Amino acid sequence: MFLLNRRFVVVGLIVLLSFAVFSEAEASYGAYKVKVINEFPHDPEAYTQGLLYAENDTLFESTGLYGRSSVRKVALQNGKVETVHEMQASDFGEGLALLGESLFQLTWLKDTGFIYDRYNFSKFKKFTHHMKDGWGLATDGKVLFGSDGTSTLYKIDPKTMKVIRKQVVKFQGHEVRYLNELEYVKDEVWSNVYGTDCIARISPKDGTVIGWILLQSLREDLKSRGYKYFEVLNGIAWDRDGDRIFVTGKLWPKIFEIKLRPLPPSDPLIGEINNLCIPKPFHLGNLES
């Protein structure tokens, strides 16, 4: 979510994370930094709202902004948009999830969304959900998980779109607000937190944040190379078969391949997680998720 200044040159980035199964010792640290090991191209005008990995280095992406929202099929290796469905100007695209052969897409400031045939975007139907707003969407292959920009994580029946359960996401007793784009990764729900360069690893059992991925180094790298007009981190996709994680930000300029590195308990960043990853409450106004 971020307010776009249209005078800026628009650029886009996806970041690829590669990680091993976490041991109990590593998980006890609760925080990870990243190391960049490769780069890939991405559409420089994609205002990424949802991202997911299908197969064979194929991504599906939902982009936002009024008059520019879309659902698209994207080739990871060269960033080529292979198929695109342009949405109506009155719709602002949001979170995206692939369940079976159907793509579920949310829209901002509405209680409606769309279900597309993954092989033919012209075949779609509308649905109504019961969250306060449409921000992030993910699936474990059976149910949907949704976010609405608050600290609430929703579990949703994909057949009826009714809420099965909702939980308040907390870290060490603090509510984690502004949950944005979601992905289901190894029995966890991962969430971008709007306004930060952090990903929260959430237990879907009780809503507890069990770890953080700190991506501040990516923003610093972009700035050091002269990039100025990019926005917040948003978009997570898991390649289940290849055990890879892809992340992106709105209007970022590159695609990175990244490995996770656990932070030792003595690292000063551990003590800064509340400041780095848990935004203070603020008025959203007309900001865009």
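These questions and answers walk through strand β12 and its neighbours in a predicted model.

Visitor: How many helices and strands are in the protein?
Guide: The protein has 289 residues, and 57% of them are buried. Its secondary structure includes both kinds of element. The count is three helices and 23 strands.

Visitor: Are the residues on the two faces of strand β12 buried or exposed?
Guide: Strand β12 covers residues 144-147. Leu144 and Gly146 sit on one side, with Phe145 and Ser147 on the other. Buried means under 20% relative accessible area. Both faces are covered, and these four residues are all buried.

Visitor: Which residue stands opposite Leu144 in strand β11, and which is its bridge partner in β13?
Guide: Strand β11, residues 136-139, pairs with β12 in the antiparallel sense over four bridges. Strand β13, residues 152-156, also runs antiparallel to β12, and four bridges join them. Leu144 faces Thr139 on the β11 side. In β13, the partner of Leu144 is Ile156.

Visitor: Which residues take a positive phi in the hairpins of β11 with β12 and of β12 with β13?
Guide: The β11 and β12 hairpin has four residues between its strands. In that turn, Gly141 has a positive phi of about 95°. The hairpin of β12 and β13 has four residues between the strands. There, the residue with a positive phi, near 90°, is Gly149.

Visitor: What percentage of contacts between residues at least 6 apart in sequence join residues at least 24 apart?
Guide: A contact means heavy atoms within 4.5 Å. Take the contacts between residues at least 6 apart in sequence. The share joining residues at least 24 apart is 60%.

Visitor: How much area does the protein expose?
Guide: Carbon and sulfur atoms supply 49% of the exposed area. The total is about 12,500 Å².

How values were computed. Residues are numbered from 1 along each chain as its sequence is written. This is a predicted model: local features need pLDDT of at least 70, side-chain atom pairs count only at pLDDT 80 or more; totals for chains, interfaces and linings use all residues. Side-chain values use heavy atoms; hydrogens and water are left out. Buried means under 20% relative accessible area, exposed over 50%, partly exposed in between (1.4 Å probe, protein chains only). Two strands pair if DSSP finds at least two bridges between them. Accessible areas come from the Shrake-Rupley method with a 1.4 Å probe; for residues, only the protein chains shown count as cover.
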